[in-house]
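I set out to record how the interior of this chain is organised. The entries below follow the order in which I looked things up.

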Amino acid sequence: MSDKNISTIYSKLKEVIHNAYVPYSNFRVASICKAGNSFYYGVNVENSSYPVTLCGERNAISTAVSNGHKQIDELYLLTDSNDFATPCGMCRQFMSEFMESNNCKIYIFNWDGKYIEYTINDLLKSRFTKKDLNYKGI
């Protein structure tokens, strides 16, 4: 990924994060996922019934899936943290469904624009996949 592309994505994340609906935690999350040649955005959307809350990562991936993609190539994440806040466990499992390739990159930005690069295997070792279901195509 070139520095110019990273800079463009970071700028878009900083723009999109303002759409987050976070009246309870005040902790915004913005995510962009790349599927094929398309980019899909997501933010966290909280709810007074906390389990109903949607994380930014799942929101972006769901939008890509809604547009016909079943494979996510890259995911970019920005939060309000000064540090590098990684996805929650639920998002990691959700991401693994659509980022089966160990080569899929996950870029986690801090507020200053610095980033750390991961793969899904880095974030969720020994993950549960459809192979564990002994899937027979039923």
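These notes concern a predicted model, and they move from the strands to the cores and then to two single residues.

**Entry 1: strand pairing.** I began with β3 (74–79) and its partners. β1 and β3 run antiparallel and are joined by six bridges. Within this pairing I found Ile32 bridged to Tyr76 of β3. I then turned to β4 (105–109), which pairs with β3 in the parallel sense over five bridges. Here Glu74 has Lys105 of β4 as its bridge partner.

**Entry 2: cover of β3.** Which faces of β3 are covered? I found both to be covered: Glu74, Tyr76 and Leu78 are buried on one side, and Leu75, Leu77 and Thr79 are buried on the other. Six of the six residues of β3 are thus recorded as buried.

**Entry 3: the largest nonpolar core.** I next listed the largest nonpolar core, which has 21 residues. The members that touch the most others are Cys33, Ile61, Ile72, Leu75, Met95, Met99 and Ile106. Two or more residues each come from β1 (29–35), α2 (56–66), β3, α3 (89–98), β4 and α4 (120–123). A further core of 15 residues lies apart from this one, and I noted Ile32, Val43, Tyr76 and Leu78 among its members. As background, nonpolar side chains tend to be buried together in soluble globular proteins.

**Entry 4: Ile72.** I looked up the contacts of Ile72, setting aside neighbours within four places in sequence. Ile72 is in contact with Cys33, Lys34 and Ala35, with Ile61 and Ala64, and with Phe98, Met99 and Cys104.

**Entry 5: Glu57.** Is Glu57, a residue of helix α2, buried or exposed? I found Glu57 buried, because its relative accessible area is 5%, under the 20% limit. Leaving out neighbours within four places in sequence, I recorded contacts of Glu57 with Val29, Ser31, Leu75, Leu77, Pro87, Cys88, Cys91 and Met95. Val29 is 28 residues away along the chain, yet the C-alpha atoms of Glu57 and Val29 are separated by 8.2 Å.

**Entry 6: Asn26.** I closed with the backbone of Asn26, which lies in the loop between α1 (3–16) and β1. Asn26 is not a glycine, but its phi is positive, at about 55°. The relative accessible area of Asn26 is 58%, over the 50% limit, so I entered Asn26 as exposed.

Terms used. Residues are numbered from 1 along each chain as its sequence is written. This is a predicted model: local features need pLDDT of at least 70, side-chain atom pairs count only at pLDDT 80 or more; totals for chains, interfaces and linings use all residues. Side-chain values use heavy atoms; hydrogens and water are left out. A nonpolar core is a set of buried Ala, Val, Leu, Ile, Met, Phe, Trp, Tyr and Cys residues joined through side-chain atoms within 4.5 Å. Buried means under 20% relative accessible area, exposed over 50%, partly exposed in between (1.4 Å probe, protein chains only). Helices (H or I, at least four residues) and strands (E, at least two) are DSSP runs, numbered from the N terminus. Contact means heavy atoms within 4.5 Å. Two strands pair if DSSP finds at least two bridges between them.
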